[in-house]
Amino acid sequence: MGLSAQQIRDGLDAVAKDDPRVARALEIAGYPEPRIRERGHRTLLRTIVGQQVSVAAADSVWAKLEAEIGSEMAPDRIVDADFDSLRACGLSRQKQGYARSLCELVAADELDLHNLPADDEEAIAQLTRIKGIGRWSAEIYLLFAEGRPDIWPAGDLAVQKATGKIVGLEEAPSEKETRAIAEDWRPHRGAMAVFTWHAYYVPTL
């Protein structure tokens, strides 16, 4: 489960106390709503389905998969499904490879999504063993499904742009710069990440 509304509020208040730029942005944009996903392989499978397609298209594929595989999306059923059946649901050959990679690791007990390492970097390393799951997807999972408080997806374009607005830059910082800017926001970078997605859509900021 992701960070609660209270955890986000407490984290942002702690950062704003020491960073007047964040305090100003928070006063203008207000507190964001929580972003929460369920823990487990279904959330990562949904991430794979949604890669590089519209929300509507992803929803359509997911509905067909649920009808074919079952709402639990049992890993062994994904692994055992034939190519044509998954193709008929809308999964390309590449995404089938990603989905099978995830489900094979889970089914073989090589990846326990309910007992990932407590260290964030070690957990990211575990998740990126899955084909098609890069660092950004792993960070999003740890933030939204596990509520880890100090996750900072600096490679996200919206996070970069909103961070630039918050700290008063004329242009969006690079991923490296975005990561450096947030060092002073530890250990509440997770709350700040949720805030940046919220602030990104506030035109007056």
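These entries record what I looked up on domains, the largest pocket and cysteines in a predicted model.

**Domains.** I began with the division of the chain. The assignment gives domain 1 (5-36 + 150-200) and domain 2 (41-113). Taken over C-alpha atoms, the centres of domain 1 and domain 2 are 32 Å apart.

**Largest pocket.** I next looked up the volume of the largest pocket, which is about 660 Å³. Its lining consists of 22 residues, and those closest to the centre are Arg37, Arg46, Thr47, Trp136 and Ile140. I then asked which elements give two or more residues to this lining. They are α3 (41-50), α4 (55-69) and α9 (135-144). The largest share, six residues, comes from α3. By residue class, I noted ten nonpolar, seven charged and five polar residues in the lining.

I also checked where the largest pocket lies with respect to the domains. Because domain 1 (5-36 + 150-200) and domain 2 (41-113) both give residues to the lining, the largest pocket lies between them.

**Cysteines.** I searched for disulfides, with a cut-off of 2.5 Å between cysteine sulfur atoms. The count is zero. Cys89 is in no disulfide, and the nearest cysteine sulfur to its own, that of Cys103, is 13 Å away. For Cys103, likewise in no disulfide, the nearest cysteine sulfur is that of Cys89, at 13 Å.

I finally asked whether each of these cysteines is buried or exposed. Cys89 has a relative accessible area of 4% and is buried. Cys103 is buried as well, with a relative accessible area of 0%. I applied the cut-off for buried of under 20% relative accessible area.

Conventions:
Residues are numbered from 1 along each chain as its sequence is written. This is a predicted model: local features need pLDDT of at least 70, side-chain atom pairs count only at pLDDT 80 or more; totals for chains, interfaces and linings use all residues. Side-chain values use heavy atoms; hydrogens and water are left out. On a 1 Å grid over the protein atoms alone, a cavity is a set of points where a 1.4 Å probe fits but cannot get out, and a pocket is an open set with protein on both sides within 12 Å along at least five of seven lines; lining residues have an atom within 4 Å of a point. Grid points are joined across faces, edges and corners, and a volume is the space filled by probe spheres set on the points. Helices (H or I, at least four residues) and strands (E, at least two) are DSSP runs, numbered from the N terminus. Ala, Val, Leu, Ile, Met, Phe, Trp, Tyr, Cys and Pro count as nonpolar, Asp, Glu, Lys and Arg as charged, and the others, Gly among them, as polar. Domain bounds come from an automatic or database domain assignment. Buried means under 20% relative accessible area, exposed over 50%, partly exposed in between (1.4 Å probe, protein chains only).
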